[in-house]
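Colleague: Before the assignments are accepted, I should like to hear the reasoning behind each of them. Please set every value against its criterion.

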Number of protein chains: 2
Amino acid sequence: MNKTVQRTVIFEELHGVKIHPTADEVYAMARKRMPNISIATVYRNLETMATNGDILRLDIAGKRRRYDADLSKHYHLRCRSCGGVSDISQAAISQVTQKLEKLKGVSGIEGYSLEFRGICEHCQNGEVK
Amino acid sequence: MNKTVQRTVIFEELHGVKIHPTADEVYAMARKRMPNISIATVYRNLETMATNGDILRLDIAGKRRRYDADLSKHYHLRCRSCGGVSDISQAAISQVTQKLEKLKGVSGIEGYSLEFRGICEHCQNGEVK
DNA sequence: ATTCTTTTTGATAATGATTACTATTACTAG
DNA sequence: CTAGTAATAGTAATCATTATCAAAAAGAAT
């Protein structure tokens, strides 16, 4: 993994924002400092960094993949209006998860999705789908 | 909303499975009964049915959209191996959400994502992104 | 049932996001 | 400095989904 100007720019730009940008948004930010960086370079490096554990690839609903420079465990709020993703504090989440039923009453919160990842019985038994 | 053979087939096939298929998978199932149904018809009808509230459009991580004929409130497990999505009972979820920290110990569960939807402060203040 | 109007279909083109490819350029050992 | 490897820009290809549109099917009215 060589050090290149492009990689540094991408990494720094991702660290510079509190939102969780898509590759496209990182591309737009990087372009300001490096006008002819390629969109392919941005996609490629975000994926590599995520695989190396240097940044987080947010596996979240929506058709555009998002990345996060904050590696600590935290949760997200997706805005119905702008489509952006922002953080929810761990403290807030704890309260909320203890009373999921009352969620709808929380200001601004309209819904949530909870998805678990693992191996289903089917696959555990070695059956071919 | 007229009644057509295609619509009936799509609806019935979706009801016939416990998995939560993608449009592609519904297409494959429908084809067995109606060899020259168009993939566009499947996409179109799944979307229409979801909008009408006849089926659920699962807004879930992953690049392929999934649909569910079970309208009751429930949660999902995505399999790392086959990529499929299966159900998790409400009872199980209740226990789990009460002790999220112990999650990793549960057999087969390797991770989860929790996403809230609503309007962020930014948009609530009418700021343009 | 026949005609008229509207909806739906099948086939395919278009789109948007992401990934693959490739010739060229930049790093890094030695 | 030079050979060898890795990374880049530019662009083509792919994948999932959506849009388009002429032809076929449904429903309504006669």
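**Contacts with the two DNA strands**

Modeller: In this predicted model, a polar backbone atom of Lys3(B) lies 3.4 Å from a phosphate oxygen of DNA strand D.

Colleague: What makes the pair formed by Lys3(B) and a phosphate oxygen of DNA strand D a polar contact?

Modeller: A polar contact requires a pair of N or O atoms within 3.5 Å. The value for Lys3(B) is 3.4 Å, so the pair qualifies under the limit of 3.5 Å. Two further residues of chain B are paired with phosphate oxygens of DNA strand D: Tyr43(B) through a polar side-chain atom at 2.7 Å, and Arg65(B) through a backbone N or O atom at 2.5 Å.

Colleague: Which residues are the closest to DNA strand D, and how many surround it?

Modeller: DNA strand D is surrounded by 19 residues, the closest being Gln6(A), Arg7(A), Thr41(A), Tyr43(B) and Arg65(B). Of the strand's atoms within 4 Å of the protein, 76% belong to sugar and phosphate. By class, this surface has 5 nonpolar, 8 polar and 6 charged residues. H3(A) gives the largest share, 4 residues.

Colleague: How do you know that Arg64(A) makes a polar contact with DNA strand C?

Modeller: An N or O atom in the side chain of Arg64(A) is 3.0 Å from a phosphate oxygen of DNA strand C; the limit is 3.5 Å, so the pair counts. Asn2(B) also reaches a phosphate oxygen of DNA strand C, with a backbone N or O atom at 3.0 Å. Lys63(A) instead has a polar backbone atom 3.4 Å from a sugar or linking oxygen of that strand.

Colleague: What surrounds DNA strand C?

Modeller: There are 20 residues around DNA strand C, with Tyr43(A), Arg65(A), Thr4(B), Arg7(B) and Thr41(B) the closest. They divide into 5 nonpolar, 8 polar and 7 charged, and H3(B) provides the largest share, 4 residues.

**Packing of two helices**

Colleague: Why are H2(A) and H3(A) called oblique to each other?

Modeller: Their packing angle is about 120°, with the axes 9 Å apart. Roughly perpendicular covers 65 to 115 degrees and roughly antiparallel begins over 145; H2(A) and H3(A) are therefore oblique. H2(A) passes H3(A) in a right-handed crossing.

Colleague: Which residues of H2(A) and H3(A) meet?

Modeller: Ala23(A), Asp24(A), Val26(A) and Tyr27(A) of H2(A) meet Ile39(A), Val42(A), Tyr43(A) and Leu46(A) of H3(A). By class, this contact has 7 nonpolar, no polar and 1 charged residues.

Technical notes. Residues numbered from 1 in each chain as written. Chains lettered and ligands numbered in written order. Predicted model: local features only at pLDDT ≥ 70, side-chain atom pairs only at ≥ 80, totals over all residues. Heavy atoms only, no water. Near = heavy atom within 4 Å. Polar contact = N/O pair within 3.5 Å; in protein donor to acceptor, adjacent residues only side chain to side chain. Helix = DSSP H or I, 4+ residues; strand = E, 2+ residues; numbered from the N terminus. Nonpolar A, V, L, I, M, F, W, Y, C, P; charged D, E, K, R; others polar. Axes fitted to C-alpha atoms, helices over the stretch in contact; angles between N-to-C directions. Parallel < 35°, antiparallel > 145°, perpendicular 65-115°, else oblique. Left-handed = near helix turned anticlockwise from the far one by under 90°. Contact = heavy atoms within 4.5 Å.
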